Amino acid sequence: MSEAVAGRYFFPGTTRFVAARAVADGDILRVEDESGTVLAHVALELVEISPRLGTLRRRFTFMDAGCFETEDSDAADCLLMGKRKGVSAHHLERSWQWAAVSVLFAAAAMFAFVVYGIPGIALWLAQETPPSFAATLSEQTLATLDRTVLKPSALPSPDRLRAEALFARAAGHGRSGSGQYKLLLRSAASLGPNALALPDGTIVMTDQLWPFVKADDEAIGVFAHEIAHVDHAHSLQAVYQAALVPAAIAVVTGDISQISQMAAILPGVLIQAAYSRGLEQQADDDAAMTVRQLGGNTARMADLLERLDTKLCGKAGCPANWLGTHPQTAARAARLRSAGTK
Amino acid sequence: MDDIVVRPLSPAGDKQLHHFEFRGSGGEFFRIWIVNIALSLVTLGIYSAWAKVRTRRYFYGNTFVAGHGFDYHASPVRILIGRIIALALFGVYNLLLRISPYALLPAMILLGAAIPWLIVSSRRFNARNTSYRNVRFNFSGTYGGAFQAYIAWPLAGALTLGGLMPLAHRAQDYYYINNHAFGGKRFATVFPGWSIYKVYLLALLLFLGLVVGTLAFLLLLSPFADSAGGFGAGVSFVGMIAILIIMPGWLIIVNYVRAAGLVLALENTALDNRHTLQSEIEPGSLVWIMTSNVFLILITFGLFYPWARVRAAHYMADHLSLLAASNLDEFTSETFATQGAIGEEIAGFFDYDIGL
């Protein structure tokens, strides 16, 4: 017979209780009150015992909905000696060393998942996405943009012809062959000088960008940059990345409470902005290669970027920005210039 | 424990005041929390169901009133099954919304129809898996009731440009509290409409202050006007500053409405018309705790999270008491079937997991 464990016994299905003690007698658990009256007499294997957690009391629930509770978790474990084996999470949770190991492991795992996991999964999903899907997505996005921010282009026809000729040269170096890309000219005051790529190969350039373009290589650079976005399915990757980030945060934090959700917004935005900068750099690198293959000068692309930057933020240029969807202009320009000298 | 003393039956009319108490500690919960995360990562998320149960058990089990703690009994396996289904649905929903703007309407209608069901099943799952002194809680709200409180009322609030929103808030509190029962005895809360209007009026004033402040800031910085996306550099310097003002401001307002509404509902709550709750919770203090918690979590890269939760639990328990009309011996369990956790988990993913 084991030592008696002190606690209290709750009568089946009620809030009524008495001070009691539990004793293990072989495979039988006996609960009796202070006067020795037996309250429960049950085979240990039929008792549901709550796992150890912190300094929390242990609960022994019987099949008749009566239950025995004790604050003495060590004594409760002795009572069960040899009956319930197995590693319990409590062994890890009680030790600060394991907590430290867990912090390091969790940090490393999350870092790896954010840096390699999510972009990798997003890339794989983007490659597996059927082209018909990309086409539908592009049509609907364009329809929405046309309804909201885009207006028909007002570029004079010589400019338009020149833009289309330069676009054709850039498209010739696209992965899917020149027939797969299409240039659309639109006016968009709210977007300013800009160009954007849709997953099906449609590339939109705003009229507002054209006055900034001083050399052919600059326009080719812009088009090649957008074509690279199409070739690498960047917009699909961004869609999948954006869907994966909150899902990953939800899985890790588990119990989604208001606090963790609010605190997760900023890191989520920062991570997505960092992914976007990675994709932009890849597009810049591809564009530099196209310009070089066409015998052009990649420094021209850097000139255009700097001209746009000055327009936006003045002579000093725009400040470094963790929320930015593009790398800092000075860094992009330097990378493009050095690409030309290789 | 000293509290394990059988109190003699108090004579009728002799009410006894019991303070709530939270006995958990930040350091202890930190170890539980970080081991939970590590094990969830090692098992690719599978352990997260066990982690959820351990976390809930820790908070419920360490919350005491009248010498006894609460218990949480949910089965991790059921939660895991619910979680897998919820994750799949969440992924599909998220993708649909991003892929096609036209999917938005059908998705919203579908989710709208599902919300009342999610609320009922999540509330019921949690109530039935919570006990105090060996007796379970129960939730008996219906789909129709949830539809009224969470769809019809907010719709009425929106159609009246927010004019009825405070009453919608109250309808949700009523639905939540008045459908809960302990040992077959009902909880009930009643409070006058003007008291909740007062809360929203103050929130509105705070919001106007925030809007004016942000606009003033943006006007000052307008020379740095920005543009983002496409080939041009995405300069959202001004946007970043706006976020730095708007996010904490909005957080404070949302937390204020939650805290003040919670206080209002709690201090008017009675069990079986005779045991009443008494609250000394100050909405201002609660807002301070919630808002500073978010800030501390951010600057510690999340490591403060366990202390943040323990801190909030301590504050709540320390300012809440139960004025009991008896020694609480009279409650006996209702019989009901246990149920799956699918609704609870979906509700969790779609952010309808609002408890008290």
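Two strands count as paired if DSSP finds at least two bridges between them. The exercises below use this rule on a predicted model.

**Exercise 1. In what order do the strands of the open sheet in chain B lie, and which strands are at its edges?**

Step 1. Chain B has 11 helices and 11 strands.

Step 2. The open sheet is built of 11 strands with antiparallel pairing, in the order β1-β11-β10-β9-β8-β7-β6-β5-β4-β3-β2 (chain B).

Step 3. An edge strand pairs on one side only, and this holds for β1 (16–19) and β2 (21–22) of chain B.

**Exercise 2. Follow the pairing from β1(B) through β11(B) to β10(B), and place B:H275 in it.**

Step 1. Between β1(B) and β11 (residues 320–324) of chain B there are 4 bridges, in the antiparallel sense. In this pair B:H18 stands opposite B:L322 of β11(B).

Step 2. β11(B) is also paired with β10 (residues 275–279) of chain B, again antiparallel and over 4 bridges. Here B:Q278 is opposite B:S321 in β11(B).

Step 3. B:H275 is a residue of strand β10 of chain B. Its C-alpha atom is separated by 4.5 Å from that of B:A324, although the two are 49 residues apart along the chain.

Step 4. Leaving out residues up to four places away in sequence, B:H275 touches B:A270, B:L322, B:L323, B:A324 and B:A325.

Step 5. The cut-off for a buried residue is 20 or more other C-beta atoms within 10 Å. B:H275 has 21 C-beta neighbours inside 10 Å and therefore counts as buried.

**Exercise 3. How many bridges join β7 and β8 of chain B, and in which sense do these strands pair?**

Step 1. The residue ranges are 180–182 for β7 of chain B and 185–189 for β8 of chain B.

Step 2. The two strands pair over 2 bridges in the antiparallel sense. B:F182 stands opposite B:K185 in β8(B).

**Exercise 4. Which strands of chain B do helices α2 and α4 lie across?**

Step 1. α2 (residues 48–61) of chain B lies across β3 (63–65), β4 (68–72) and β5 (130–132) of chain B. The helix runs at about 165° to β4(B).

Step 2. α4 (residues 104–128) of chain B lies across β5, β6 (135–139) and β7 of chain B. Its angle to β6(B) is about 170°.

**Exercise 5. Describe how α5(B) packs with α6(B), and α1(B) with α2(B).**

Step 1. Two packed helices are described by the angle between their axes and the distance between the axes.

Step 2. For α5 (residues 143–159) and α6 (residues 165–178) of chain B, the angle is about 170° and the axes are 8 Å apart. Angles over 145 degrees count as roughly antiparallel, so α5(B) and α6(B) are roughly antiparallel to each other.

Step 3. The contact residues include B:A149, B:Y150 and B:W153 of α5(B), and B:L167, B:A168 and B:Y175 of α6(B). By class, the residues of this contact are 11 nonpolar, 4 polar and no charged.

Step 4. For α1(B) and α2(B), the angle is about 170° and the axes lie 9 Å apart. α1(B) is therefore roughly antiparallel to α2(B).

Step 5. From α1(B), B:F29, B:I32, B:N36, B:L39 and B:S40 meet B:S48, B:A51, B:R54, B:T55 and B:Y58 in α2(B). The residues of this contact divide into 5 nonpolar, 4 polar and 1 charged.

**Exercise 6. Which residues have the most contacts inside the largest nonpolar core, and which helix gives the most to this core?**

Step 1. Of the 356 residues of chain B, 38% count as buried.

Step 2. The largest nonpolar core has 65 residues, and B:W33, B:I34 and B:A38 have the most contacts inside it.

Step 3. Helix α1 (residues 26–42) of chain B gives the most to this core, with 10 residues.

Step 4. Not counting residues up to four places away in sequence, B:W33 touches B:Y305 and B:P306.

Step 5. Another core, of 53 residues, lies apart from the largest one, and A:A171, A:A233, A:A287 and A:A333 are among its residues.

**Exercise 7. Is A:A22 buried or exposed?**

Step 1. A:A22 is in strand β2 (residues 17–25) of chain A.

Step 2. A:A22 has 26 other C-beta atoms within 10 Å, so it is buried.

Step 3. Among the residues that A:A22 touches, not counting those up to four places away in sequence, are A:V5, A:V31, A:F60 and A:L79.

Note on methods: Residues numbered from 1 in each chain as written. Chains lettered and ligands numbered in written order. Predicted model: local features only at pLDDT ≥ 70, side-chain atom pairs only at ≥ 80, totals over all residues. Contact = placed C-beta atoms within 7 Å. Axes fitted to C-alpha atoms, helices over the stretch in contact; angles between N-to-C directions. Parallel < 35°, antiparallel > 145°, perpendicular 65-115°, else oblique. Nonpolar A, V, L, I, M, F, W, Y, C, P; charged D, E, K, R; others polar. Buried ≥ 20, exposed ≤ 12 C-beta atoms within 10 Å, placed from the backbone. Core = buried A, V, L, I, M, F, W, Y, C linked by C-beta atoms within 7 Å.
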